[in-house]
Amino acid sequence: MQPVPALPRWLGLAGLLPQFTCVAVLYAGPAEWREAALAIAFAYAALILSFLGGMWWGIAAAAPAAQRRKALGWLWIAAVLPSLVALACFLPWALDWAWPEPSLVMLGGALLVTLGVDAKLGALAPRWWMTLRVPLSTGLGLATIAAALA
């Protein structure tokens, strides 16, 4: 694995701050902030999960034409799934079912699973891709599950 360029590394790590802040509020903050912290943790995890799908879509679209036609059907499908999972996680809230803990666990798990897609990108992604993606997806996925368990 290659070293990650400074800008993507720092921006990626900064992207963990909102979720870590929500988790800190859930475990040590005032009780009156709990509902807002859960909602923000959910929204942020869903947003980032959808963002990852958009990144995969862009990677598939930027691939050489021969690869797009033959070998990347799986990536186009994978690129759409994160938004659908995020929407499915929102339904319990919208339908007044058990929420947010089950949805947060599902989002956290989905964020961890994204590493499988990232790993399969191979030469389509920069050589440093997994060096960046592993701590970010692991950190956000585990923080999202921690929010569910708070």
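**Exercise 1. Determine where aspartate 96 is placed and describe its backbone and its exposure.**

Aspartate 96 is placed in the loop between α5 and α6, where helices (H or I, at least four residues) are DSSP runs numbered from the N terminus. The structure is a predicted model, in which local features need pLDDT of at least 70 and side-chain atom pairs count only at pLDDT 80 or more, while totals for chains, interfaces and linings use all residues. Residues are numbered from 1 along each chain as its sequence is written, and side-chain values use heavy atoms, with hydrogens and water left out.

The next step is the backbone: phi of aspartate 96 is near 60 degrees, a positive value in a residue other than glycine. The last step is the surface: aspartate 96 has a relative accessible area of 69% and is therefore exposed, given that exposed means over 50%, buried under 20% and partly exposed in between, with a 1.4 Å probe and protein chains only.

**Exercise 2. Locate proline 100 and proline 64, and describe the surroundings of each.**

Proline 100 sits in the loop between α5 (73-94) and α6 (101-120). A cis peptide bond joins tryptophan 99 to proline 100, with omega at about 5 degrees.

Proline 64 sits in the loop between α3 (34-62) and α4 (65-70). With a relative accessible area of 48%, proline 64 is partly exposed. Although proline 64 and leucine 124 are 60 residues apart in sequence, their C-alpha atoms are 9.2 Å apart in space.

**Exercise 3. Establish the fold pattern of the chain and judge its compactness.**

Read along the sequence, the pattern is α-α-α-α-α-α-α, which corresponds to seven helices and zero strands. The radius of gyration, taken over C-alpha atoms, is 16 Å, close to the 15 Å that the globule rule gives for 150 residues, so the chain is as compact as a globular protein of that length. That rule is 2.2 Å times the number of residues to the power 0.38.

Along its principal axes, the C-alpha trace spans about 55 × 35 × 15 Å. Of the 150 residues, 40% are buried. Among contacts with a separation of 6 or more, 71% come from residues 24 or more positions apart, where contact means heavy atoms within 4.5 Å.

**Exercise 4. Identify the residues and elements that build the largest nonpolar core.**

The core has 45 residues, and those with the most contacts inside it are Trp56, Leu75, Leu104, Leu107, Leu111 and Leu121. Such a core is a set of buried Ala, Val, Leu, Ile, Met, Phe, Trp, Tyr and Cys residues joined through side-chain atoms within 4.5 Å. Two or more residues come from each of α2 (17-28), α3, α5, α6 and α7 (129-149), and α3 gives the most, with 14 residues.

To look at one member, leave aside the neighbours of tryptophan 56 within four places in sequence; its contacts then include Leu75, Pro82, Val117 and Leu121.

**Exercise 5. Trace the contacts of glutamine 19 and alanine 143.**

Glutamine 19 lies in helix α2 and is buried, with a relative accessible area of 0%. Beyond its neighbours within four places in sequence, glutamine 19 is in contact with Ile40, Ala41, Tyr44, Ala45, Leu140, Ala143 and Thr144.

Alanine 143, in helix α7, is likewise buried, with a relative accessible area of 7%. With the same neighbours left aside, alanine 143 is in contact with Gln19, Phe20 and Val23.
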